[in-house]
Structures are given as C-alpha cells and as structure tokens.
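Dear colleague,

I am handing over the structure we spoke about, and below it you will find what came out of going through it. Please read the remarks on confidence towards the end before you build on any detail.

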Amino acid sequence: DKVEFATAKTNCAETNKAVIEKMANVILELDKSEEGNTLVTNVGDFILVEEKVDVETQRATLLKDIEKVQFEIDRSSKMLSNEKFIAKAPESLVLAEKEKLEKNTALLNSLKEKLSKL
C-alpha cells in the first residue's frame with residue numbers, strides 16, 4: 001500500500017505530480033478534502049492523509065498528545081514559578097521557557113478543540 005498525501009493544487013504540484021509520486025512512492029491528491037473520518041498530519045506544504053481512522057483511534061491519539069503537552073506545560077510552569085531558577089538562570093533561558101510555555105498552551109488549546117469536534 002502506498003501512503004496518501006494531499007497538497008494544494010499548485011502549478012508546481014500539478015506539473016511534478018508523477019515525479020513526486022514515483023520518487024516518494026506515494027499517491028498525491030491535489031486539493032483533497034479533509035472531511036470525514038480522516039486523520040491528517042501536516043508535513044510542510046503537504047498533508048499526510050490516513051483515511052479510515054475510526055473516531056476512537058483519533059480520540060486516543062489526541063488524548064495522548066494532550067497528556068504530553070500538559071506535562072510540558074506543567075514543567076515549564078514549575079520552572080517559571082521557581083524564584084531560584086528565575087534569579088540564577090540566564091535571561092535568554094527564562095525567555096525561551098516562557099516562549100515554550102506560550103507555544104504549548106496554544107497547542108493544548110488546539111488539541112482540546114480538535115477533541116471536542118470528534
């Protein structure tokens with residue numbers, strides 16, 4: 001079985017469709033809808049489409065991802081609430097940890113939204 005990828009119908013994708021499919025050993029769908037029971041994963045400009053994934057599998061995957069992200073949020077929050085860490089750590093490290101916390105919080109909200117739509 002070949003892996004199915006979807007991408008926007010661009011001139012480049014249309015022109016090179018056969019070459020991409022042959023070199024990557026994939027099926028390339030241009031402008032494929034993301035509707036239905038489909039688990040999609042962004043891979044740059046392409047979307048990996050895993051069709052026929054049941055809702056329970058999607059739910060389990062999202063719950064596992066939520067758990068991992070929540071762990072990272074808790075870790076970052078604990079570090080940033082530690083006065084000794086804030087006092088001793090270089091400012092760049094503190095800023096990086098704050099950015100990581102913001103990014104993971106946004107990701108968590110996105111994952112929870114996806115879960116609520118199942």
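Between E113 and K117 there is a salt bridge, with 3.2 Å from N to O. Of these two side chains, E113 is partly exposed at a relative accessible area of 44%, while K117 is exposed at 63%. Please keep in mind, here and in everything that follows, that this is a predicted model, and that the distances and areas are values computed from its coordinates.

Salt bridges in the model come to 5 by the rule applied, and some of them join up, for E72, R75, E97 and K100 are linked in a network. Within that network the side chains of R75 and E97 meet at 3.1 Å, N to O, and this pair connects distant parts of the chain, since R75 sits in helix α2 and E97 in helix α4, 22 residues apart. E97 also forms a salt bridge with K100, where the closest N and O atoms are 3.7 Å apart; here both residues belong to helix α4 and are 3 residues apart, about one turn of the helix.

How buried or exposed are the partners in these two bridges? E97 has a relative accessibility of 3% and therefore counts as buried, the limit being under 20%. R75, at 27%, counts as partly exposed, and K100 is likewise partly exposed, at 35%. The acidic residue that takes part in both bridges is thus a buried one, and its two basic partners are partly exposed.

Helix α4, which carries several of these residues, has 26 residues and reaches 38 Å from its first C-alpha to its last, close to the 38 Å expected at 1.5 Å a residue. Its buried residues are V94, E97, N104, L108, L111 and L115, and what covers them includes α2 and α3 (83–88).

Which residues does N104 touch, once those up to four places away in sequence are set aside? They are V69, E72 and I73, so that N104, itself in helix α4 and buried with a relative accessible area of 11%, touches one member of the salt-bridge network, E72, as well as two residues of the nonpolar core described next, V69 and I73.

The largest nonpolar core is made up of 7 residues, namely L62, I66, V69, I73, L108, L111 and L115. Helices α2 (55–80) and α4 (91–116) each supply at least two of them, and the largest share, 4 residues, comes from α2. L108 gives a local view of this arrangement: leaving aside its neighbours within four places in sequence, L108 is in contact with I66, V69, Q70 and I73.

Turning to the protein as a whole, there are 4 helices and 4 strands, and from the N terminus on the elements run β-α-β-β-β-α-α-α. Of the 118 residues, 24% count as buried. The accessible surface comes to about 8,700 Å², and 53% of that area belongs to carbon and sulfur atoms. Among contacts between residues at least 6 apart in sequence, 45% join residues at least 24 apart.

One point from the N-terminal part may also be of use to you. K9 is found in the loop between β1 (3–7) and α1 (11–24) and is partly exposed, with a relative accessibility of 48%. The C-alpha atoms of K9 and E29, which are 20 residues apart along the chain, are separated by 8.6 Å.

Finally, a word on confidence. The mean pLDDT of the protein is 79, and 71% of its residues reach 70 or more. Over residues 33–43, however, the pLDDT is below 50, although this stretch has 26 contacts in the model beyond near neighbours in sequence. Where pLDDT is low, the predicted coordinates should not be read in detail. I would ask you to treat that stretch, and its contacts, with this caution in mind.

With best regards

Terms used
Residues numbered from 1 in each chain as written. Predicted model: local features only at pLDDT ≥ 70, side-chain atom pairs only at ≥ 80, totals over all residues. Heavy atoms only, no water. Core = buried A, V, L, I, M, F, W, Y, C linked by side-chain atoms within 4.5 Å. Buried < 20%, exposed > 50% of the residue type's maximum accessible area, 1.4 Å probe, protein only. Helix = DSSP H or I, 4+ residues; strand = E, 2+ residues; numbered from the N terminus. Contact = heavy atoms within 4.5 Å. Areas by Shrake-Rupley, 256 points an atom, 1.4 Å probe, with all protein chains shown as cover. Expected span 1.5 Å × (residues − 1). Salt bridge = Lys/Arg side-chain N within 4 Å of Asp/Glu carboxyl O. pLDDT = per-residue confidence, 0-100.
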